[in-house]
Amino acid sequence: MTVLDMRDVRKVYTSGDAEIVALDHATVQVDHGEIVALLGPSGSGKTTLLSIAGGLLTPTEGTVVVGGHDISEYSPKQLTEFRRENVGFVFQSVNLVPFLTAEENLLVVDELGGSTRGKDGKARARQLLDELGLGRRMKNLPGQLSGGERQRVAIGRALFNNPKLVLFDEPTSALDTKIGEQVMELIRSEMKARDTAAIIVTHDTRMTHYADRTVHIVDGRLESETVEAH
Amino acid sequence: MSLALKELRRRPSRFVVATVVLSFLATLLLFLGGLLDGLYLGSTGAIRAQQADVIVFSESARDSFLRSRITGEQRATVEAAEGVDEVGGLGFVLLGAEVPGESEPADVAIAGYEVAPKGVPEEPPAPGEGIADDRLRDQGVSEGDTILVGPAKSPVTIVGFVNDTSYLQQGTVWVDLDTWRSVQNANRPDAAVADDVVQVLVVRGTGDLATSIDTATAGATSTLTVDETVLALPGVKQQKATFNQIIYSTLVVVLAVVGLFFSLLTLERLGLYGVLKAIGASTGRLFRGVVLQAVIVAIVSFAVGALLALAAAAALPAGVPLQLTPARFVSTFIGLLVAAVLGSAVSLRKVLKVDPASAIGTAS
């Protein structure tokens, strides 16, 4: 079943009289449990595509359906709620709240929704961190964690609300190759175990074999697809 | 919300500078307010203590006790005016007085009365005796002392004390009208008063007393309420206006400090706010956190400032007219809170403008 269905999506920015086409008639589908790597040089539109898929930006044209919600025409307020309930994000840098422990960084998701699940939330946060190999690091602040551990906490936060879709923005760019590969391995196993769809933006071709397929994007156009052999 | 509280608790050092500055400003506000209250209360006690509805001045006095003279004839007219129930004469004279055993003379206001102010016996003391304001205790006056008033050294024996009745920063000594007249005439021969003359009349009654009295005397009197009389005392209005001006200016500084501080803090957090908005935080929630932090900083600052002000007040010499009243604490607290909320509101625009999409595609 399709979790993300983007059809003919265009995103155009106007700057003065000039029009800049960031995304041109992009069509992508991602199914349950499928991991798609989005590969392209900087400025190719991969950030725009990810932002539109996650409800951070609205498309100029085209439709975006995520988990059955057509979010193409959502207001900013609706999008905020949509993101909170349906999408997980892992960003490349300023990611965790620096003054909260690993456990609390997961619970932030709960707090932002205004409905604290209390004990249930805590139990879920602990279970997730355990799964991610951070059982002993729950009470540590981000500053006391390594880069790889921080990214694992961010993955835990992205999964906290059981989203249908998780978006990764260059999750390994700040990590060395070995740690980066461990994190990718973890992403793959977590997504597969939960049957969660994922898009991973990267410009590192070494990471693409962790995805089920790779979509190339150049100048706002989706060019070719490579299916990875697993 | 608890995000904002956790930040305060775990990173208190980030808020120390603002808290210290605001604490000093809170102390300053309490100090200024306390001085204003001290001056006001010290100037107006004798009038605020009057248990009357209106006070009648002669028309030419332009609401000054010093210039006012009411004759026996005018008094009879006022007594006959519509709505008037009770009339008493009142007169003040400001002088220095020798206190037994003290090298410095005390500043006294000899006040002759008929209708008793609050705390003063209904029946005026015997001639040559007086009830002194507590303020005179600081100047060495105690019960049984005979003070020698003015250059003529008119003797007045203190037979009791009363609280909060000082007049123009001088301790009042309440005496009967004849004693007042003899002190006035002996020490201020240039402003001597005849036997049936008083400075003003204190009147109790019903209805529109001011109009009925001033009509009855055909405009020879000018009648004020007690509150109006208080404000007509020399300097009171000006002191109030001056101090309030300084207090409001200080509040503007508080506003600027809070505004600037939380703007800077918000600027530092823009990246984090981008991430939080991306994962579903609303602008309202983030902004409420900023306001909550500002309010808590203001509350802590007020507490520290209040302690500093109390400590300073205790260390000050008795001559400084500083009075820290509960009402002043409440109004300063409210002023700080309002300034904190308004000041932090400056950050609203910045929080609003944070684009959740900024979280993607940015490296630190």
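Two strands are taken to pair if DSSP finds at least two bridges between them. The exercises below apply this to a predicted model.

**Exercise 1. Establish the strand order of the six-stranded sheet in chain A, and state which strands stand at its edges.**

Solution. Begin with the order, which in chain A reads β6-β7-β8-β3-β9-β10, an open sheet whose pairing is mixed. Next, look at the two ends of that order: β6 (87-90) and β10 (221-227) of chain A each have a single partner strand, so one side of each is left without a neighbour in the sheet. Finally, follow the sheet from one strand to the next, where the twist averages 20°.

**Exercise 2. Describe how β6(A) is joined to β7 of chain A, and find the helix that packs on the sheet there.**

Solution. Take the pairing to begin with: β6(A) and β7 (residues 165-169) of chain A run parallel and are joined by four bridges. Within this pair, Val90(A) lies opposite Phe168(A) of β7(A). Then turn to the packing, in which helix α5 (residues 147-159) of chain A touches both β6 and β7 of chain A, its direction making about 170° with that of β6(A).

**Exercise 3. Which strands of chain B pair with β8(B), and in what sense?**

Solution. One partner is β1 (residues 54-58) of chain B, which pairs with β8 (residues 200-205) of chain B in the antiparallel sense over three bridges; here Val54(B) has Val203(B) as its bridge partner. Another is β2 (residues 84-98) of chain B, also running antiparallel to β8(B) and joined to it by six bridges, with Gly89(B) facing Leu201(B) as its bridge partner.

**Exercise 4. Locate the residues with the most contacts inside the largest nonpolar core, and list the contacts of Ile199(A).**

Solution. The largest nonpolar core has 109 residues, and those with the most contacts inside it are Leu38(A) and Ile199(A). Among the elements, helix α2 (residues 13-48) of chain B gives the most to this core, namely twelve residues. If neighbours within four places in sequence are left aside, Ile199(A) is in contact with Val30(A), Val36(A), Leu38(A), Leu50(A), Ala53(A), Leu167(A) and Phe168(A). Apart from this core lies another, of 53 residues, which includes Trp180(B) and Ile213(B).

**Exercise 5. How many residues does each chain give to the contact between chain A and chain B, and what is the character of the side belonging to chain B?**

Solution. Count by chain: 25 residues come from chain A and 24 residues from chain B. On the side of chain B, the elements that give two or more residues are α1 (2-10) and α8 (270-278) of chain B. Sorted by character, the residues of that side are twelve nonpolar, seven polar and five charged.

How values were computed:
Residues are numbered from 1 along each chain as its sequence is written. Chains are lettered from A and ligands numbered from 1 in the order in which they are written. This is a predicted model: local features need pLDDT of at least 70, side-chain atom pairs count only at pLDDT 80 or more; totals for chains, interfaces and linings use all residues. Two residues are in contact if their C-beta atoms, placed from the backbone, lie within 7 Å. Ala, Val, Leu, Ile, Met, Phe, Trp, Tyr, Cys and Pro count as nonpolar, Asp, Glu, Lys and Arg as charged, and the others, Gly among them, as polar. Axes are lines fitted to C-alpha atoms, for helices over the stretch in contact, and angles run from 0 to 180 degrees between N-to-C directions. A nonpolar core is a set of buried Ala, Val, Leu, Ile, Met, Phe, Trp, Tyr and Cys residues joined through C-beta atoms within 7 Å. A residue is buried if 20 or more other C-beta atoms lie within 10 Å of its own, exposed if 12 or fewer, and partly exposed in between; C-beta atoms are placed from the backbone.
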